[in-house]
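Reader: Give me a close look at the ligand site. I want contacts, numbers and cut-offs.

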Amino acid sequence: MPDYYDTATQLNEYLVFHYGNDASVLPWDFGPVKALGFHKRLVGWVDKSRLHTGCRALDLGCAVGRISFELVRACESVVGVDYSTTFVESAKKIKESGLVTFQLAREGNLSTSAQVRLPSDLVRERVSFCQGDAENLPVSLGKFDVIIMANLLDRVGHPRKVLSRLRDITRPGAQVIICSPFTWWDEFTEPEERLGGFIQEGKEVTSMDTVADLLEPDFHQTKIGDEPFLIRQHERKFFMSVACVGLWIRR
Ligand SMILES: C[S@@+](CC[C@H](N)C(=O)[O-])C[C@H]1O[C@@H](n2cnc3c(N)ncnc32)[C@H](O)[C@@H]1O
């Protein structure tokens, strides 16, 4: 579904998901509060002891860019790449203005306008955004010391192809953080292309097992865990997911 993320509704949902404060995303004093602040939490997976001067980071499937902006606190330069032109144009505007404007959907056509300013200590000049396909990244992107791939693998047609490029675009010692709830949909990934969620030769295969097997020749895994996240659809409806997260170091 190549243009799924190019609608005004998806754009608004992702702006709220990435930049809305806690009370905007979850305007109730009950509910899954631990699922708030996902993008910041995920960047917390970066192993700072391995970073060095001049570190380059890639946020693959960056959407409207929150992870890219958070990464600039740890890395010298950050590139955010996403297939959706709508998302990338929005991320570029946020970079230029430092401002994010969105609607907090309430019910039907009712909504409340909100605006958020990025913290002034974020050096926005060190982030760049470009439209691109994770399955066919240009060689000109260069090599990276940190790559975050958040909730991308179950939204591409050929996840194995994306994973197979990681060796070429990382330097030895680079860290790769892969995270996904592995919500496989036929519209994005044909069943035969999926990484897991099936029984093969009598054995249950999970997607993260396959990711680990495919990366093993070039990367070693140092951490595995779970991170919840929450997307507000409207004031009274939310999607909560629990992403499986792994951290790998390039051999
Ligand atoms: C589920 S969203 C996750 C966005 C963001 N990483 C996050 O966690 O909030 C999936 C993102 O992957 C992007 N995407 C899908 N297929 C892609 C591809 N082939 N190359 C690059 N980005 C892609 C979509 O446009 C969308 O922004």
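**The ligand site**

Author: Start with D133: an N or O atom in its side chain is 2.8 Å from a nitrogen atom of the ligand. That pair fits a polar contact (two N or O atoms within 3.5 Å). This is a predicted model, where local features need pLDDT of at least 70 and side-chain atom pairs pLDDT 80 or more, while totals for chains, interfaces and linings use all residues. Numbering runs from 1 along each chain as its sequence is written, and side-chain values use heavy atoms, without hydrogens or water.

Two more side chains reach oxygen atoms of the ligand. D82 places a polar side-chain atom 2.6 Å from a ligand oxygen. For N151, the distance from a polar side-chain atom to an oxygen of the ligand is 2.9 Å. On its own, the ligand has 600 Å² of accessible area, and the protein covers 93% of that (Shrake-Rupley method, 1.4 Å probe).

Now the shell. It counts 20 residues around the ligand, each with a heavy atom within 4 Å. H18, G61, D82, D133 and A134 are the closest. D82 and D133 thus appear twice here: in the list of closest residues, and with side-chain distances of 2.6 Å for D82 and 2.8 Å for D133.

Which helix gives the largest share of the shell? Helix 1 does, with three residues. Helix 1 spans 8-19, helix 3 spans 38-43, and each supplies at least two shell residues (helices are DSSP runs of H or I, at least four residues).

By class, 11 shell residues are nonpolar, six are polar and three are charged. Here Asp, Glu, Lys and Arg count as charged, and Gly as polar.

Terms used. A polar contact is a pair of N or O atoms within 3.5 Å; within protein, one must be able to donate a hydrogen and the other to accept it, and residues adjacent in sequence count only if both atoms are side-chain atoms.
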